[in-house]
Amino acid sequence: MIVYHGSTEIVKKPDDRHSYRALDFGKGFYVTTVREQAERWARRKADILGKDTAIVNLYQMNDRTEGLLIKYFDEDLMEWIDFVCRCRDGEKDYLKYDLIFGKVANDKVFRVVDMYHTGIWDKERALREIKVYPSYDQIAFITQKAIDGLLQFESFEEV
């Protein structure tokens with residue numbers, strides 16, 4: 001399977017040390033199967049950092065996951081939304097896993113999660129709202145073991 005990572009740098013050797021803050025699934029190396037999503041991440045990161053270059057890194061991800069602890073968030077968003085809120089609060093639930101698959105809280109979905117997280121909306125209202133937005137995926141590599149075992153750098157492109 002081909003996966004993409006948006007950045008301002010070419011990342012030939014991904015690692016689990018350069019994640020500077022806990023995102024949806026905690027600190028880790030994030031990829032997506034949706035190229036357009038990686039392009040948005042790359043451009044956004046370039047804007048935030050004041051960089052001129054946005055880069056999409058392309059990796060081959062194999063399916064040899066034996067020995068890895070994996071968390072899958074399927075279409076049931078009830079558990080997903082609470083997990084995302086806990087990670088954003090700095091809780092370390094994600095450290096139980098090597099790899100986490102699930103929906104990404106993009107800008108629109110993030111606003112919904114934030115409304116739920118701050119108590120403005122209840123869970124049912126937030127989940128109804130999330131379902132109307134297009135679904136993008138993300139895969140968080142939490143451990144170096146998962147990165148080394150599953151990802152192989154293929155190429156990059158400026159976007």
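Let me start with the sheet, in which 4 strands are arranged in the order β2-β6-β5-β4, forming an open sheet with mixed pairing. Its edges are taken by β2, residues 29-31, and β4, residues 70-72, and because each of these has a single partner strand, one side of each is left without a neighbour in the sheet. Between neighbouring strands of this sheet the turn is 15° on average, with direction ignored. I should say at this point that we are looking at a predicted model.

Staying with the edge strand β4, its pairing with β5, which covers residues 99-103, runs in the parallel sense over 3 bridges, and within these strands Y72 stands opposite F101 of β5. As a general reminder, strands of a sheet pair through backbone hydrogen bonds, and they do so either parallel or antiparallel.

Let me turn to the cysteines. How many disulfides does the structure hold? The number is 0. For C85, which is in no disulfide, the nearest cysteine sulfur is that of C87, at 9.5 Å, whereas the cut-off for a disulfide is a pair of sulfur atoms within 2.5 Å. C87 is likewise in no disulfide, and its nearest cysteine sulfur is that of C85. As to their surroundings, C85 counts as buried because its relative accessibility is 6%, and C87 is buried too, with a relative accessible area of 1%.

Finally, a word on E39, which lies in helix α1, spanning residues 35-49. Is this glutamate buried or exposed? With a relative accessibility of 17%, E39 counts as buried, since the cut-off for buried is under 20%. Leaving aside residues up to four places away in sequence, E39 touches V56 and V159.

Conventions:
Residues are numbered from 1 along each chain as its sequence is written. This is a predicted model: local features need pLDDT of at least 70, side-chain atom pairs count only at pLDDT 80 or more; totals for chains, interfaces and linings use all residues. Side-chain values use heavy atoms; hydrogens and water are left out. Helices (H or I, at least four residues) and strands (E, at least two) are DSSP runs, numbered from the N terminus. Buried means under 20% relative accessible area, exposed over 50%, partly exposed in between (1.4 Å probe, protein chains only). Contact means heavy atoms within 4.5 Å. Two strands pair if DSSP finds at least two bridges between them. Axes are lines fitted to C-alpha atoms, for helices over the stretch in contact, and angles run from 0 to 180 degrees between N-to-C directions.
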